[in-house]
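Let's take a walk through this one, beginning with the ligand and then stepping back to the whole chain. Keep the 3D view open as you read.

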Amino acid sequence: MAKDVIIACDFAGRQQTLSFLDAFEGHRKPFLKIGMELFYAEGPDIVREIRRRGHPIFLDLKLHDIPNTVRKAMKVLSGLDVDMCNVHAAGTRKMMEAALEGLTKGSAQGTGGGSTGARPLLIAVTQLTSTSEERMQRELLIGAGINETIVQYARNAREAGLDGVVCSPLEAAMVKEACGPQFLTVTPGIRFADASQDDQVRITTPARAREIGSDYIVVGRPVTAAPDPVAAYERCLQEFLNP
Ligand code: C5P
């Protein structure tokens, strides 16, 4: 199974993003995460432009709507030739099945489908790592514990045919145990052992994330805010892929 480091391109606009990427000229092209901020600011053109530069892309738009809307939206996104995209598992199994159908049908028309020619990987957000168990129970009236909820959402995603989930690296082992080793875990919340936590709470290092079972780690500020982003990225690769 492919393991990789994904850099979260949490930049406000095109110029900042492209000058960040210019530093990687002549190096391995990193897998990049494009999130809502950049996508809403620049639209699909920024995805096409980054794709033209040869980067694999995780389009992190976290779709959550009625199944018909999500199916049609995924069909459109499949035309962008990304490698990974996502939905909220809270949209239910039916919504996740619709997402997969939209993505698959769109890709089958030959308009997109990721750099491998197959459809993009489709993963689900379980419970956001910013949601505490206390708030989930008190505000959302979900009576189960947070780990039980995460495992149930992951099972729903697997049953809907999705490829994996986004979760905290500390949850990767229980997701693998419930859904099998092939079910992908994509994990933000990564920090070097000697660095600041920023606002992240449940964090771990690249090497520990691999041990627990992460397939892809998503790393933002430890690379984007580093004095030498290329060196920080290479350190991540080294610690995650060759610990
Ligand atoms: O800068 P940092 O490494 O904290 O960035 C992590 C990235 O992963 C950000 O884009 C953040 O929005 C995203 N993310 C997260 N926790 C989640 C889901 C996504 O940190 N549960």
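The ligand takes up the space of the largest pocket. Bear in mind that this is a predicted model. Which elements give two or more residues to the shell around the ligand? They are strand E8, running over 216-219, and helix H10, covering 221-224.

Now look at who is in that shell. From the early part of the numbering you'll find Ala-8, Asp-10 and Lys-33 among the residues around the ligand, and further along come Thr-129, Pro-188, Arg-191 and Gln-200. The run Val-218, Val-219, Gly-220, Arg-221 and Pro-222 is there too. Sorted by class, the shell is a mix: five nonpolar residues, three polar and four charged.

Zoom in on the ligand's oxygen atoms and you'll see some polar contacts. Arg-191 uses its side chain, with a polar atom 2.9 Å from a ligand oxygen. Gly-220 works through its backbone instead, where a polar atom sits 2.8 Å from an oxygen of the ligand. Arg-221 also brings in a backbone N or O atom, 2.7 Å from a ligand oxygen. On its own the ligand has 470 Å² of accessible area, and the protein covers 83% of that.

Time to zoom out. The chain's secondary structure adds up to 11 helices and eight strands. Its C-alpha trace spans about 45 × 45 × 30 Å along the principal axes. Is the radius of gyration what a compact globule would have, or not? For 243 residues such a globule would come in near 18 Å, so the chain's 17 Å agrees.

Terms used
Residues are numbered from 1 along each chain as its sequence is written. This is a predicted model: local features need pLDDT of at least 70, side-chain atom pairs count only at pLDDT 80 or more; totals for chains, interfaces and linings use all residues. Side-chain values use heavy atoms; hydrogens and water are left out. A residue is near a molecule or strand if one of its heavy atoms lies within 4 Å of it. A polar contact is a pair of N or O atoms within 3.5 Å; within protein, one must be able to donate a hydrogen and the other to accept it, and residues adjacent in sequence count only if both atoms are side-chain atoms. Accessible areas come from the Shrake-Rupley method with a 1.4 Å probe; for residues, only the protein chains shown count as cover. On a 1 Å grid over the protein atoms alone, a cavity is a set of points where a 1.4 Å probe fits but cannot get out, and a pocket is an open set with protein on both sides within 12 Å along at least five of seven lines; lining residues have an atom within 4 Å of a point. A molecule sits in a cavity or pocket if more than half of its atoms lie within 2 Å of its grid points. Helices (H or I, at least four residues) and strands (E, at least two) are DSSP runs, numbered from the N terminus. Ala, Val, Leu, Ile, Met, Phe, Trp, Tyr, Cys and Pro count as nonpolar, Asp, Glu, Lys and Arg as charged, and the others, Gly among them, as polar. The radius of gyration is taken over C-alpha atoms; the globule rule is 2.2 Å times the number of residues to the power 0.38.
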